[in-house]
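Colleague: I should like to learn how the features of a two-chain model are read. May we take them one at a time, beginning with a helix contact?

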Amino acid sequence: MADKKKIKKKDFKATKEAKATLESAGIDPATASLLLRANWTAEALRETLARPPAPGAPPAWGPLDHLATEERPFYKEVWRRTHDLPLPPKLRQELRDQMLRHEEHMTPPIMDRFLQHAVERYRASQVEPCEAVGILAAQSIGEPGTQMTMRTFHYAGVAELNVTLGLPRIIEIVDARRIPSTPIMTIHLTPEYRYDREKARDLALDIEATYVTDVGDVSTLPDEAALLVELDPRLMARRHLEAPQVAKRLGQIPETRVEVKGNQIKVHPKSKSYRALLKIRDRALRMTLKGTSSIERVVIRREGEEYVLYTEGSDLPKVLKIRGVDTTRTRTNNIYETAEVLGIEAARNLIIHEATETLNEQGLDVDVRHIMLVADMMTSDGEVKQIGRHGVAGEKASVLSRAAFEVTVNQLLDAAIRGDVDELKGVTENVIVGQPIRLGTGDVELVAKRYDRPGSTVPPHPPPDGSDRPAAPPPKGGDTPPPPKAPDVPAAAPGGS
Amino acid sequence: MTSPKRISSIRFGLLSPKEVRKMSVTRIITADTYDEDGFPIEMGLMDQRLGVVDPGLRCKTCGGRPGECPGHFGHVDLVAPVIHVGYARMVARVLQSTCRKCSRLMLDPEERAKFKEVVKANSTTQALTIDEILRDVAKDAMKKKQCPSCGEEQGEVRFEKPTAYFEDHVEYRKEGEKVGEHKLTPMDIRDRLERVPDEDLEVFGLNPRTARPEWAVLKVLPVPPVTTRPSITLESGQRSEDDLTHKLVDIIRINQRFQENKEAGAPQLIIEDLWELLQYHVTTFMDNEVSGIPPARHRSGRPLKTLSQRLKGKEGRFRGSLSGKRVNFSARTVISPDPGLSISEVGVPEEIARELTIPVNVTPRNLEEVRATVRRATKSEGANYVKRLDSRRVKITEKNAEELATQLEVGWKVDRQLRDGDTVLFNRQPSLHRMSIMSHTVRIIPGHHKTFRFNPAVCPPYNADFDGDEMNLHVPQTEEARAEAKILMSVQENILSPRFGGPIIGGIHDHISGLFLLTHGDRRLTSEGAVDILRKTNVPHLPPPEGKDEDGQPYWTGKQLFSLILPPTLSIRFKPEIAGYDETAQEVIVRNGVLEQGTIDEAAVGAFKGKILDKIVKEFGREEARRFLDNATQMSIRPIMRMGFSFGISDEDIPRDARAQIDEVIALAKSKVEKLIAASDAGELEPMPGRTLEETLEMKIMQELGRARDRAGNIAEKNLHPTNPGVIMAVSGARGSMLNLTQMAACVGQQSVRGERISRGYYKRTLPHFKQGDKGAESRGFIRASYKSGLNATEYFFHAIGGREGLVDTAVRTSQSGYLQRRLINALQDLEAKYDGTVRETRGIVVQFHYGEDGVDPAKSDYGKSVNVPRLLQNYVDILLEE
């Protein structure tokens with residue numbers, strides 16, 4: 001707990017410093033914090049700020065391009081035109097990048113027309129109100145389910161590790177299982193460690209659970225009634241272990257006495273029975289000398305310049321405390337663990353990340369927005385909830401909807417003694433009672449405002465006196481009598497005009 | 001026809017005995033149903049006041065005929081109260097938490113406040129079930145040895161499933177020692193529950209206005225109306241009663257016997273037995289799957305389907321009858337492809353069209369038209385029914401058609417038959433996404449054809465093929481429904497999938513190979529050929545020829561003809577699908593509606609991938625895209641017809657020397673495998689990190705054999721000519737892959753189960769053809785033969801093993817992904833994008849503040865992007881360059 005606090009404090013200080021640097025460079029505070037979130041370290045920022053844009057070479061596009069305004073007036077023009085467009089920042093950035101790339105064509109009128117066009121396109125792409133976005137998301141994720149593989153184990157990325165993929169993994173994610181069937185961590189390292197294979201390996205050995213059998217042999221000596229641990233000096237050195245350390249750890253087995261002789265350790269049980277000896281042997285074999293007990297294996301992989309550790313097993317809180325671990329980029333695939341350690345927003349992002357990865361790996365193209373909606377539904381009340389009876393679906397407001405999903409009878413019995421009221425706002429409820437659903441076209445209330453042309457024979461519209469519905473439309477213009485048996489002619493039927 | 005009335009809410013609660021009596025139309029006293037004449041007995045289970053099911057009779061309560069009368073409840077007065085099984089646990093918790101003497105809840109004020117808080121918080125989230133709250137309250141209350149209100153010493157109440165309760169003998173207890181227990185009768189329980197004050201019940205989360213706990217101990221049993229348990233008459237004239245009626249008969253019989261015995265002053269033991277029997281029958285009446293008691297059975301041994309069973313499960317009332325309803329005005333039949341139809345059309349067999357109708361209101365404007373329709377009667381494009389002013393429906397027949405037609409007047413309603421141009425909904429199950437139901441325009445197919453037809457370009461969204469698939473058709477009956485169908489659900493509206501923002505409708509199979517044949521290389525056509533290619537498209541004139549050949553004959557090129565169906569301002573460039581096969585393939589360049597170079601294949605017009613298609617939908621609109629698809633599908637099958645396109649067994653032939661090379665490659669691989677096995681046996685194989693020796697060997701062998709198959713495949717590939725129809729299909733993306741082809745021509749390769757070589761079977765070997773312990777290629781499922789050369793016996797077995805795994809996998813996957821989808825839909829179905837851009841559920845709880853963080857609808861996006869900036873800018877640059 002204390003460690004956690006310390007880390008936070010340190011980070012905070014660094015952040016503050018970086019922010020100050022940015023602000024002194026003339027960046028508004030909001031942008032500054034955005035940049036920081038994107039993992040810009042103070043050093044990197046200073047470096048970028050110091051570097052003048054190389055002439056000729058395409059400028060380093062990034063969040064800082066507008067800093068070059070003084071050198072190239074065109075930048076200023078672009079910036080002036082784009083910085084306050086009502087668009088998402090990422091899109092603004094892309095517009096800027098593309099305009100800079102085609103500088104030779106960008107006369108002011110063209111730019112204005114182009115940007116106006118872009119804004120129009122963006123507006124046109126907005127969701128329509130009343131859109132049933134939930135169903136859209138559910139279908140978009142569910143529909144490709146049949147195309148996914150069932151194979152639980154597959155080798156992806158890291159050949160040495162087993163990873164659950166395909167449909168089982170998606171099910172696992174939406175089930176919000178406490179422990180995934182194949183927990184895996186991706187550990188990134190701090191700059192001092194990440195470029196050095198030796199250092200990375202040392203760190204890997206620190207994280208990986210080390211058992212006695214990893215550094216030596218264990219045998220029983222029945223006549224002495226002792227357990228003999230013969231340590232291999234080479235393996236010990238590799239793992240930076242010393243015999244006394246091992247002895248100390250072995251000494252933690254209750255009711256024993258430990259005896260160290262060079263690389264040999266003898267463990268004597270207090271009682272001389274063979275059974276006791278075997279019991280101690282089992283304890284010794286299961287005991288971790290070093291590392292994280294839940295992490296069985298660590299694999300080192302080179303990714304570009306740096307070394308990254310992949311683990312079989314996961315223990316985020318412990319790993320984050322280890323020196324040399326880049327806490328900003330290290331992650332686990334355990335959603336609950338992430339929620340506990342890094343908070344619910346991190347868990348949400350992890351759900352999105354994991355689901356996207358799984359779908360992409362299968363070659364399925366699903367828009368992130370759908371996945372985001374599922375993730376938000378699962379996490380919106382502050383804790384990770386399952387998509388299913390014990391989570392989202394079970395906590396719905398409507399009794400009928402819950403009854404139609406699972407455990408029908410109990411839902412009804414409970415609703416009765418609680419005196420629940422079903423407001424019939426959702427989809428299933430209204431299907432059950434047989435009335436239109438308040439979603440999509442069913443959720444539009446105002447159809448048209450009627451106005452009567454002067455000189456029309458149609459009687460004026462009754463004033464809005466709180467009567468719920470407009471009267472049936474007046475008789476049609478012709479001389480034919482209105483159909484007597486048509487009480488519910490649609491309200492939109494053309495009136496006199 | 002939306003009714004202005006709307007149910008605004010439904011309140012749930014328990015029926016109190018008073019209410020049961022109030023709503024009851026009669027007391028039921030006799031277990032008999034009908035007398036000798038087959039007439040329902042008064043105050044029997046089939047009393048006519050409970051409603052009627054037999055035709056010709058009228059309900060004695062409301063006077064309604066069968067179908068009109070909804071049925072009315074009756075009641076049975078139980079001689080002694082019994083527990084309602086569904087609430088047995090709740091009753092137990094309340095008993096455990098309340099004082100045995102004063103029936104007050106045994107909690108301190110602070111504890112009460114705490115639970116009231118919990119209940120209040122839970123009323124919005126429903127995170128806790130009522131069971132959980134009751135359990136927690138009981139846990140705290142049971143810690144009290146004396147009642148905090150009256151000081152009475154408490155004994156432990158023990159609940160025994162399903163409906164028994166025992167209490168410690170507090171009276172005989174000495175110094176807190178337990179001295180045994182006695183049974184609590186439902187009568188005692190009811191007394192206690194009655195005394196629990198309302199305010200105490202609220203602590204449990206119970207609502208005393210809708211559900212007093214003593215109402216869960218039944219004194220009066222409501223008897224459901226006959227309409228809920230109709231008896232059926234068998235052809236022998238014998239009546240067969242519903243399961244519920246059987247159960248009610250049991251209850252009434254026992255109730256009567258109980259009554260008699262009680263009045264006769266029978267011994268306590270007998271009374272208790274009867275009481276338990278009554279409890280059993282009432283329990284099974286409610287739920288016949290209670291654990292701990294044997295289910296009530298029919299004479300045949302089949303367990304009875306009682307109230308709970310009717311509601312539960314997939315075919316139960318909720319999921320089977322209420323969430324899913326059956327509809328009229330629908331049809332279902334086998335589907336077949338019809339490349340002659342527009343993508344927005346559906347071919348409907350005449351026989352079906354005559355049956356399906358659309359209601360038309362007769363107005364002065366359409367009077368004559370409708371009259372003609374009625375006159376045609378049930379002949380094609382006629383009408384089936386008229387509804388007169390007195391709202392009587394009359395069936396139109398050959399005989400009365402003329403008469404009805406003359407009588408026809410404004411205000412009548414006519415059910416006219418389906419005709420060309422009507423909008424209908426078309427659907428294929430499983431309906432996994434919204435494109436599984438789309439609206440099409442009807443094209444009646446005259447004659448005796450019996451299948452639905454549609455353009456095969458619409459197969460992908462429905463996931464349909466024509467190997468016997470059936471599809472459903474629905475006819476919207478109101479203007480509103482038709483408007484929605486036309487505007488929102490039409491095929492062209494759904495070309496772009498909301499899943500990824502790309503086209504999901506597009507050319508498949510022959511469309512792709514056809515256009516490939518037309519546009520690949522320098523295909524030249526005579527004027528006759530060109531006209532043939534264009535004849536079904538909407539291209540009005542044959543353009544001037546591209547050039548003249550050596551003989552001075554004018555010719556038209558395939559690319560030129562394809563260009564005719566492109567929008568004239570379309571410009572695009574991209575890599576074609578064949579680029580993956582042939583690196584020298586030219587980039588496709590379309591400038592101002594002219595295909596300048598490159599080949600049209602899956603990457604241009606295919607479903608999911610078609611770039612040209614994609615650009616047309618997004619920049620020229622859905623209507624233009626529909627036109628393009630119609631033209632492209634019509635045009636594409638022509639080259640196939642003209643040039644011929646078939647794939648036969650001789651197309652898998654490869655030259656003898658290639659065959660020899662393949663044999664060599666495989667022999668080499670086999671010897672390498674032998675060497676690997678020998679090395680591992682000799683302990684010379686170094687295990688890979690984190691793997692055992694065994695696993696390492698397997699991986700290496702798999703790698704070796706995989707490489708061998710690939711090499712064999714490459715040899716075959718080199719020897720299959722690019723004009724080979726199989727190759728054309730594979731490289732253009734029309735169907736199949738090069739892997740499939742090389743499996744046919746060269747070598748099938750390793751068969752696997754769970755990603756490993758096949759290793760199970762007989763003792764230490766897979767098949768008796770091999771030596772025990774043989775790990776060689778052949779004995780573990782490597783198929784060196786090609787499909788064409790034919791598999792030998794062992795290879796055949798291994799192939800069947802691998803194939804079976806695939807089948808099992810598919811079967812398991814469909815059920816799993818089906819359940820996943822159901823859960824996702826259930827969890828997310830109520831979410832809606834609101835006018836303020838937020839996404840909320842029914843309670844108004846915000847799930848997202850801005851949909852998808854940028855408010856962009858994926859269906860309107862360009863593969864997820866709101867604006868395709870490079871493309872947009874390119875358009876500007878192109879315009880500038882033109883000038």
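**Reading the model feature by feature**

Modeller: Let us begin with the helix contact, in which B:Gly529, B:Asp532, B:Ile533 and B:Leu534 of α17(B) meet B:Met635, B:Arg638, B:Pro639 and B:Arg642 of α21(B). By class, the residues of this contact of α17(B) with α21(B) comprise four nonpolar, one polar and three charged. Please keep in mind throughout that this is a predicted model.

Colleague: At what angle do helix α17 and helix α21 of chain B pack?

Modeller: Helix α17 (residues 527-534) and helix α21 (residues 622-643) of chain B pack at about 135°, and their axes are 8 Å apart. Angles over 145 degrees would count as roughly antiparallel and 65 to 115 as roughly perpendicular; α17(B) is therefore oblique to α21(B).

Colleague: What scores does the model carry?

Modeller: The model has an ipTM of 0.89 and a pTM of 0.85. For chain B the mean pLDDT is 87, with 98% of its residues at 70 or more.

Colleague: How is chain B divided into domains?

Modeller: The division of chain B gives domain 1 (31-72 + 224-311), domain 2 (85-215), domain 3 (330-494), domain 4 (510-643), domain 5 (649-807) and domain 6 (830-883). Taken over C-alpha atoms, the centres of domain 2 and domain 6 of chain B are 56 Å apart.

Colleague: Let us turn to sheets. How should one read the order of strands, and which strands stand at the edges in the sheet that contains β5 and β7 of chain A?

Modeller: The general idea is that strands of a sheet pair through backbone hydrogen bonds, in either a parallel or an antiparallel sense. In chain A, an open sheet of four strands follows the order β5-β6-β8-β7, with antiparallel pairing. The edges are β5 (216-221) and β7 of chain A; each has a single partner strand, so one side of each has no neighbour in the sheet. From one strand to the next, the twist averages 20°.

Colleague: How many bridges link β7 and β8 of chain A, and how many residues lie between these strands?

Modeller: Strand β7 (residues 256-261) and strand β8 (residues 264-269) of chain A pair in the antiparallel sense over six bridges. Two residues lie between β7(A) and β8(A), which form a hairpin. In the turn, A:Gly262 has a positive phi of about 60°. A:Lys261 stands opposite A:Gln264 in β8(A), and A:Val258 stands opposite A:Val267 in β8(A).

Colleague: What is the order of the strands in the open sheet that includes β10 of chain A?

Modeller: That open sheet has four strands in the order β10-β11-β3-β12 (chain A), again with antiparallel pairing. β10 (297-303) and β12 (331-332) of chain A are the edge strands, each pairing on one side only. β10(A) is joined to strand β11 (residues 306-312) of chain A by seven bridges, and the two run antiparallel. Within this pair, A:Arg297 stands opposite A:Glu312 in β11(A).

Colleague: How many residues of chain B are in contact with chain A, and which element of chain B gives the most?

Modeller: On the chain B side there are 99 residues in contact with 100 residues of chain A. Several elements of chain B each supply at least two residues to the side that touches chain A, among them β1 (10-11), α15 (479-488) and α27 (869-882). α26(B) gives the most to that side, with 14 residues. By class, the side of chain B that touches chain A has 44 nonpolar, 34 polar and 21 charged residues.

Colleague: Which strand of chain A is joined to β1(B)?

Modeller: Strand β13 (residues 421-422) of chain A is joined to β1(B) by two bridges, and these strands run antiparallel. The bridge partner of A:Val421 in β1(B) is B:Arg11.

Colleague: Finally, where are the cis peptide bonds before B:Pro162 and B:Pro430, and what is phi of A:Cys130?

Modeller: The peptide bond from B:Lys161 to B:Pro162 is cis, with omega near 0°; B:Pro162 belongs to the loop between β3 (157-160) and β4 (164-168) of chain B. A cis peptide bond also joins B:Gln429 and B:Pro430, with B:Pro430 in the loop between β15 (423-427) and β16 (437-445) of chain B. A:Cys130 has a phi near 75°, a positive value in a residue other than glycine, and is found in the loop between α6 (108-124) and α7 (133-142) of chain A.

Technical notes:
Residues are numbered from 1 along each chain as its sequence is written. Chains are lettered from A and ligands numbered from 1 in the order in which they are written. This is a predicted model: local features need pLDDT of at least 70, side-chain atom pairs count only at pLDDT 80 or more; totals for chains, interfaces and linings use all residues. Two strands pair if DSSP finds at least two bridges between them. Axes are lines fitted to C-alpha atoms, for helices over the stretch in contact, and angles run from 0 to 180 degrees between N-to-C directions. pLDDT is the predictor's confidence in each residue, from 0 to 100. Domain bounds come from an automatic or database domain assignment. Angles under 35 degrees count as roughly parallel, over 145 as roughly antiparallel, 65 to 115 as roughly perpendicular and the rest as oblique. Two residues are in contact if their C-beta atoms, placed from the backbone, lie within 7 Å. Ala, Val, Leu, Ile, Met, Phe, Trp, Tyr, Cys and Pro count as nonpolar, Asp, Glu, Lys and Arg as charged, and the others, Gly among them, as polar.
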